[in-house]
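Work through the exercises below with the sequence and the structure open. Try each task before reading its solution.

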Amino acid sequence: MGATLTYTEIELVQGLQARDEKIFSYLYDHYSPALYGVALKIVTDEASAGDVLQEVFIKIWRNIDRYDASKGRLFTWMLNIARNTAIDSLRSKAHKLDQKVQDVTSTSLMYEPQLAVHLPVDHLGLTKVIDGLPKDQRIIIDLAYFKGCTQEEIAKVLEIPLGTVKTRMRNAIIQLRILLKQL
Amino acid sequence: MDAQYFISSGLIELYAAGMASEQEVQELEAAMRQFPEVAAAVETYRRNMEEYVSLQRLTPEAAVKTSLFNQINNEPDLQDSLQKTDQQMQQPKLVSMTETKSLSWKWIAAASAALLIGSLILNYVFFNRYKEFKEYKDKYQSLLLSQNSILSKENLYKTRLEQMQQSLDVIQDPDVMKVKMPGTKAFPEAMATVFWNQSSKQVYVKVNKLPEPAADKQYQLWAIVDGKPVSMGVFEMGDTAQLLQKMQITGAAQMFAVTLEKKGGAAAPTMEQMYVAGKVPG
């Protein structure tokens with residue numbers, strides 16, 4: 001999405017630190033779909049995902065001074081806030097491990113473009129990636145990245161040895177990388 | 001350990017997916033500082049994950065943005081909050097509000113559950129107590145009943161004992177003369193005894209064996225004084241017959257006899273109905 005930006009990351013960070021609401025509005029318009037997608041993937045219902053998204057942007061607005069450009073890109077930082085906030089929200093709702101797995105498998109319906117409520121902008125690219133990833137690899141990425149499951153938890157819920165979790169995860173990321181290069 | 005070791009270890013993939021353990025994270029972050037190739041590899045995988053995430057983007061409802069900006073504008077102190085400590089920053093109001101809400105809800109639910117459980121336990125306890133109480137009440141009533149019957153029996157025995165004592169007193173008096181009255185020829189099985197106090201002249205009769213008379217009949221004791229029968233009165237049968245029965249007084253008698261007469265007694269004895277008779281010894 002770099003091509004569509006009219007501000008560089010440094011300009012955005014400086015604008016936010018100066019409490020520039022115009023910059024904040026721009027940031028929201030450009031990054032909220034990706035962050036909302038993450039939140040929805042984690043909490044699975046739209047109302048909770050909306051709440052999480054609002055909380056995420058309030059944290060960004062308040063804590064921008066804690067962002068350290070030397071440690072990573074702004075998007076990475078915001079993505080981590082979104083993941084952590086959504087996972088915390090999930091935990092506070094006392095989601096069980098089984099629930100996490102069920103969520104991942106049931107929301108995989110959203111990969112089917114005709115079943116999605118909101119058509120993702122890049123759904124053609126997404127479909128290509130999803131179709132290229134075997135289901136067991138996709139589930140392992142989603143459990144780890146979106147649900148914050150540990151290796152041990154994944155091994156337990158998928159009933160596979162810990163070593164297999166690591167191998168399958170690695171293969172999944174390598175496969176993902178190949179698919180992304182083809183886009 | 002060199003950069004290639006980390007790149008081929010599979011650790012970077014786990015790290016990028018957020019699945020590395022704490023120890024692995026520390027190990028890899030140390031390697032990232034040491035080897036630029038490792039840091040670059042981590043960044044590549046991180047971008048891959050971010051691209052994968054971005055592919056799944058969805059536009060949120062417009063209301064979220066409106067609400068967000070309302071909240072930011074309604075907190076003017078935020079504009080000057082640059083100097084706030086990190087600690088305060090980490091506790092945004094929104095979060096604490098929802099936490100309080102969910103906390104109070106949890107407390108209420110926990111309290112309700114505790115109350116319900118408490119109530120169930122008390123129900124159980126009191127129901128058991130009630131059952132025990134009922135059981136005890138029944139037992140108490142039956143005990144009361146049996147105590148009453150024991151008491152009345154006791155009274156009966158006491159009375160009986162007193163009567164026996166009286167009988168015994170009569171018999172043990174050294175002035176009492178015992179007159180045995182065996183059965184007559186017509187009633188050889190019958191037997192009765194007269195106890196006659198020589199000083200008070202009081203006559204008592206004890207039935208040893210006499211058949212139970214019809215309801216309209218009664219036995220009558222006679223003293224034969226100088227060849228003439230003198231009525232000493234009628235006496236009871238049944239339970240009373242086991243005791244000494246006080247009859248009338250006579251100063252002299254040569255013989256005693258019992259006849260069966262009509263109820264209340266007769267003026268003269270019916271000789272055919274004489275059951276027992278006995279001579280006064282001496």
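**Exercise 1. Chain B as a whole**

Task: State what share of the contacts in chain B with a separation of 6 or more comes from residues 24 or more positions apart.

Solution: Residues 24 or more positions apart account for 55% of these contacts in chain B. The model is a predicted one. Chain B is built with 7 helices and 8 strands. Of its 282 residues, 22% count as buried.

**Exercise 2. The two sides of a helix**

Task: Find which residues of helix 9 of chain A are buried, and decide how they are placed around the axis.

Solution:
1. Begin with the length: helix 9 of chain A covers residues 162-182, 21 residues in total. From first C-alpha to last it reaches 31 Å, close to the 30 Å expected at 1.5 Å a residue.
2. List the buried residues of helix 9 of chain A: A:V165, A:K166, A:M169, A:A172, A:I173, A:L176 and A:L179.
3. Place them around the axis. They cover an arc of only 155 degrees, so they lie on the same side of helix 9 of chain A.
4. Check the other side of helix 9 of chain A, where A:G163, A:I178, A:K181 and A:Q182 are exposed.

**Exercise 3. The contact between the chains**

Task: Describe the side of chain A that touches chain B, and say which helix gives the most to it.

Solution:
1. Count the residues: the contact takes 46 from chain A and 38 from chain B.
2. Assign them to elements. The helices of chain A that each supply at least two residues to this side are helix 2 (21-43), helix 3 (46-63), helix 4 (74-92), helix 6 (123-132), helix 7 (135-146) and helix 9.
3. Look for the main contributor: helix 3 of chain A gives the most, with 10 residues.
4. Sort by class. The side of chain A that touches chain B has 23 nonpolar, 12 polar and 11 charged residues.

**Exercise 4. An open sheet**

Task: Give the strand order of the sheet of 4 strands in chain B, and explain why strand 1 and strand 6 each have one side without a neighbour in the sheet.

Solution:
1. The order is 1-2-3-6, the pairing is antiparallel and the sheet is open.
2. Strand 1 (176-182) and strand 6 (245-249) of chain B stand at the edges with a single partner strand each, so one side of each has no neighbour in the sheet.
3. On average, neighbouring strands of this sheet are turned by 25 degrees against each other, direction ignored.
4. Inside the sheet, strand 2 (residues 191-197) and strand 3 (residues 202-209) of chain B run antiparallel and are joined by 6 bridges. One bridge pairs B:M191 with B:K209 of strand 3 of chain B.

**Exercise 5. Two positive phi values**

Task: Compare the settings of B:K201 and B:D226. Is each exposed or partly exposed?

Solution:
1. Most residues other than glycine have a negative phi.
2. B:K201 has a positive phi near 70 degrees. B:K201 sits in the loop between strand 2 and strand 3 of chain B.
3. B:K201 has 13 C-beta neighbours inside 10 Å and therefore counts as partly exposed.
4. B:D226 has a positive phi near 55 degrees. Its place is the loop between strand 4 (217-225) and strand 5 (228-235) of chain B.
5. B:D226 has 8 other C-beta atoms within 10 Å, so B:D226 is exposed.
6. Strand 4 and strand 5 of chain B run antiparallel, joined by 7 bridges, and form a hairpin with 2 residues between the strands. B:V225 stands opposite B:K228 in strand 5 of chain B.

Key: Residues are numbered from 1 along each chain as its sequence is written. Chains are lettered from A and ligands numbered from 1 in the order in which they are written. This is a predicted model: local features need pLDDT of at least 70, side-chain atom pairs count only at pLDDT 80 or more; totals for chains, interfaces and linings use all residues. The expected span of a helix is 1.5 Å times one less than its number of residues. A residue is buried if 20 or more other C-beta atoms lie within 10 Å of its own, exposed if 12 or fewer, and partly exposed in between; C-beta atoms are placed from the backbone. The arc is that of the directions from the helix axis to the C-beta atoms. Two residues are in contact if their C-beta atoms, placed from the backbone, lie within 7 Å. Ala, Val, Leu, Ile, Met, Phe, Trp, Tyr, Cys and Pro count as nonpolar, Asp, Glu, Lys and Arg as charged, and the others, Gly among them, as polar. Two strands pair if DSSP finds at least two bridges between them. Axes are lines fitted to C-alpha atoms, for helices over the stretch in contact, and angles run from 0 to 180 degrees between N-to-C directions.
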